[in-house]
Amino acid sequence: MGDAASNNENSIPQDFKILGLSTLELGFLGVFWTTVILFFTFVEVNWLDLTVVVVTVNSLSWLLSKLPFLMSTAILVGSLIGAFVFRETLAKYIILILKKIMRGRR
């Protein structure tokens with residue numbers, strides 16, 4: 001009988017759990033987002049007047065303009081590091097390929 005009582009007290013029906021949130025948490029989130037939406041409905045915020053937003057947008061724009069160069073450099077450096085780490089294996093395959101080419105010319 002103690003087991004049944006403890007199960008009833010600790011269990012919450014699955015109908016009342018949405019997205020793994022309790023009723024209190026879900027209610028709080030609903031009130032919070034409703035308040036945020038109402039705030040931005042009545043208060044006009046010009047995001048481009050904020051220095052932080054302007055600096056972030058300019059920085060991202062500069063970074064995206066340099067992205068092809070950065071990615072090419074990263075691929076080149078990665079290839080060089082990979083060739084150095086696996087130099088023995090690469091050497092074996094190159095020698096094997098050269099032997100097959102030279103054997104075909106005889």
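The pLDDT is the predictor's confidence in each residue, given on a scale from 0 to 100, and it is the natural starting point here, since the model is predicted. Among the elements of the chain, helix α1, which covers residues 2–10, has the lowest mean pLDDT, at 53, whereas α3 has the highest, at 94. For the chain as a whole the mean pLDDT is 84, and 81% of the residues reach 70 or more. Where pLDDT is low, the predicted coordinates should not be read in detail, and the value of 53 for α1 should be kept in mind when that helix is viewed.

The secondary structure of the chain consists of four helices and zero strands, so that, when read from the N terminus on, the order of the elements is α-α-α-α. The chain has 106 residues, of which 0% count as buried, a class that requires a relative accessible area under 20%. The area that the chain exposes comes to about 10,100 Å², and 71% of this area is supplied by carbon and sulfur atoms.

A nonpolar patch on the surface is formed by V77, I81, F84, V85, F86, L90, I94, I97, L98 and I101, which together have about 970 Å² of accessible area. Both α3, spanning residues 51–85, and α4, spanning residues 87–105, supply at least two residues of this patch, but the largest share, five residues, comes from α4. One member of the patch, F86, is placed in the loop between α3 and α4. With a relative accessible area of 52%, F86 is classed as exposed, because this class begins over 50%. Another member of the patch, F84, has the charged end of R87 sitting over its ring, at 4.4 Å from the ring centre.

Aromatic side chains also meet one another in this model, and the count comes to two aromatic pairs. In the pair formed by F32 and W33, the ring centres are 5.0 Å apart and the planes lie at 75° to each other, an arrangement that is edge-to-face. In the pair formed by F39 and F40, the centres are 5.2 Å apart and the planes are again at 75°, so this pair is edge-to-face as well, given that the class applies to planes over 60 degrees apart. As for their accessibility, F32 is partly exposed, with a relative accessible area of 39%, while F39 counts as partly exposed at 43% and F40 counts as partly exposed at 42%. These three values fall in the partly exposed class because it lies between the buried limit of 20% and the exposed limit of 50%.

Technical notes:
Residues numbered from 1 in each chain as written. Predicted model: local features only at pLDDT ≥ 70, side-chain atom pairs only at ≥ 80, totals over all residues. Heavy atoms only, no water. Patch = residues over 30% accessible without salt bridge, like charges linked within 9 Å, V, L, I, M, F, W, Y side chains within 5 Å. Areas by Shrake-Rupley, 256 points an atom, 1.4 Å probe, with all protein chains shown as cover. Salt bridge = Lys/Arg side-chain N within 4 Å of Asp/Glu carboxyl O. Buried < 20%, exposed > 50% of the residue type's maximum accessible area, 1.4 Å probe, protein only. Phe/Tyr/Trp six-rings, centres within 6.5 Å; stacked < 30°, edge-to-face > 60°. Lys NZ or Arg CZ within 6 Å of the ring centre and 35° of its normal.
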